[in-house]
Amino acid sequence: MKKIICLALIGCLILLVGCSSTKAPVTKDVVKVMKVGSVNPKSRALSQGFYKFQEIVEKETGGSIKVEVYPDGVLGDDRRTLEGLQLGSIQGTSVSTGPIASFSPSIGVFDLPFLFKDRETAYKVLDGAIGQEQLDSLAKSGFIGLAYWENGFRHLSNSRKEVTTLEDMKGLKIRTLESAIHVDIWKALGTNATPMSMSQLYTGLEQKVVDGQENPLANLQANKLDEVQKFVTLTGHVYGASPFLVSKVFWDTLNEGEKAIIKKAALESRDYERKLAQAEDKVSSEYLTSKGIIISELKPGEKEKMREAVKIIYEKYGETYGAELTNKVLTATK
């Protein structure tokens, strides 16, 4: 009897094993989701660059990477977005070098005032060996830097008066990027500099917490700052490079083929985005003028006075970035 029971049990076990083996789950490829975004409105060239990146990556990977685009600060301000990249909760962004310098100081060298005389000079330096060295250095902060997108030359605006001289700037309360060098630049120019996130800027201007701000013209248009500003001065004091970054946490989950596609997409999107950014200047200037904004040039000799006033910035931050890097960048811009 015992023998019969044992044989029956063995038979049941064989049957169970057989059944379980026929129902084993089939392993399927998992789609990798890449959330990218920034504080910039959807209409800006930087945001449009994300959509071009999305198009290229999804096509080239055959859908193995799905790119989700979040403009308009949906993912948070610059700092929160960068922290999200470090944690891996956000996978990609393009942020101005100023905020990035809070995590990796040496990249702030590109925010030295009046460093680049024109876009061509900026592209030469950023797309060359010096720019690549700085992108490579970001890995230790949790970012993979792939290309320099463009935010454009920054200009001054305010609601109080027309500004055409350095003296006119004295005493104005100016919002700056949340970046030490940007705060110090505007202090050196005689203003009361106040760092503030882009998401707070409109309200800050509306409530007269600050008199003015400094941004590319396209940001004035996209963020409707013409409603709370009256005067623009074409200072062109800083060229806004905006590196395209990928979270290192996410990057390390990619295979070599996927990494190659993302690198290619970042560069192709850079070229597309830069063309849009260049066109933005003219369109935004015309738009702002149509809204009654008074756009002024500095009087002859005033930009030279501004350069003289910010020499102290080169002395202070030359030490921060190191004399070797600072001199190498200055030589390359000539």
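In this predicted model, the count of cavities of 30 Å³ or more comes to two. The largest cavity holds about 130 Å³ of space. It is lined by 15 residues, and those closest to its centre are Val39, Asn40, Asp78, Ser96 and Asn151.

From the cavities we turn to the aromatic rings. The structure contains ten aromatic pairs. One of them joins Phe50 and Phe244, whose ring centres lie 6.5 Å apart. The planes of these two rings meet at 55°, and the pair is therefore classed as tilted, since planes under 30 degrees apart count as stacked and those over 60 as edge-to-face. Phe50 belongs to helix H2, which covers residues 45–60, whereas Phe244 belongs to strand S8. The two residues stand 194 residues apart, and their pair thus links distant parts of the chain. Is each partner buried or exposed? Phe50 has a relative accessibility of 0%, so it counts as buried. Phe244 is buried as well, because its relative accessible area is 0%.

A further aromatic pair is formed by Phe103 and Phe143, with 5.7 Å from centre to centre. Here the angle between the planes is 75°, and the arrangement is edge-to-face. This pair, too, links distant parts of the chain, for its members are 40 residues apart. Phe103 is found in the loop between helix H4 (97–100) and H5, and Phe143 in strand S4, residues 143–158. Phe103 has a relative accessible area of 17%; because buried means under 20%, Phe103 is buried. For Phe143 the value is 0%, so this residue is also buried.

Rings may also be joined in a group. Ring pairs connect Phe110, Phe116, Tyr148, Phe153 and Tyr239 into a cluster. A ring can have a charged neighbour as well: Lys52 lies over the face of Tyr272, at 4.9 Å from the ring centre.

One member of the cluster, Phe116, leads to the next residue of interest. Phe116 is touched by Thr121, which also touches Thr333, when residues up to four places away in sequence are not counted. Where does Thr121 lie? Thr121 is located in helix H5, residues 119–126. With a relative accessible area of 7%, Thr121 is buried, because this value falls under 20%. The side chain of Thr121 also makes a polar contact, at 2.7 Å, with the side chain of Asp118.

The last part of this account concerns the backbone of two lysines. Lys208 has a phi near 65°, a positive value in a residue other than glycine. This residue is found in the loop between helix H9 (198–206) and strand S7 (212–215). Its relative accessible area is 48%, and Lys208 is therefore partly exposed, since the exposed class requires over 50%.

Lys224 likewise has a positive phi in a residue other than glycine, here near 55°. Lys224 lies in the loop between helix H10 (217–222) and strand S8 (231–247). Strand S8 is also the element that contains Phe244. At 46% relative accessibility, Lys224 counts as partly exposed, because the value lies between the limits of 20% and 50%.

Terms used: Residues numbered from 1 in each chain as written. Predicted model: local features only at pLDDT ≥ 70, side-chain atom pairs only at ≥ 80, totals over all residues. Heavy atoms only, no water. Helix = DSSP H or I, 4+ residues; strand = E, 2+ residues; numbered from the N terminus. Buried < 20%, exposed > 50% of the residue type's maximum accessible area, 1.4 Å probe, protein only. Polar contact = N/O pair within 3.5 Å; in protein donor to acceptor, adjacent residues only side chain to side chain. Contact = heavy atoms within 4.5 Å. Phe/Tyr/Trp six-rings, centres within 6.5 Å; stacked < 30°, edge-to-face > 60°. Lys NZ or Arg CZ within 6 Å of the ring centre and 35° of its normal. 1 Å grid on protein atoms, 1.4 Å probe; cavity = no way out; pocket = protein on both sides within 12 Å on 5 of 7 lines; lining within 4 Å. Points joined across faces, edges and corners; volume = space filled by probe spheres on them.
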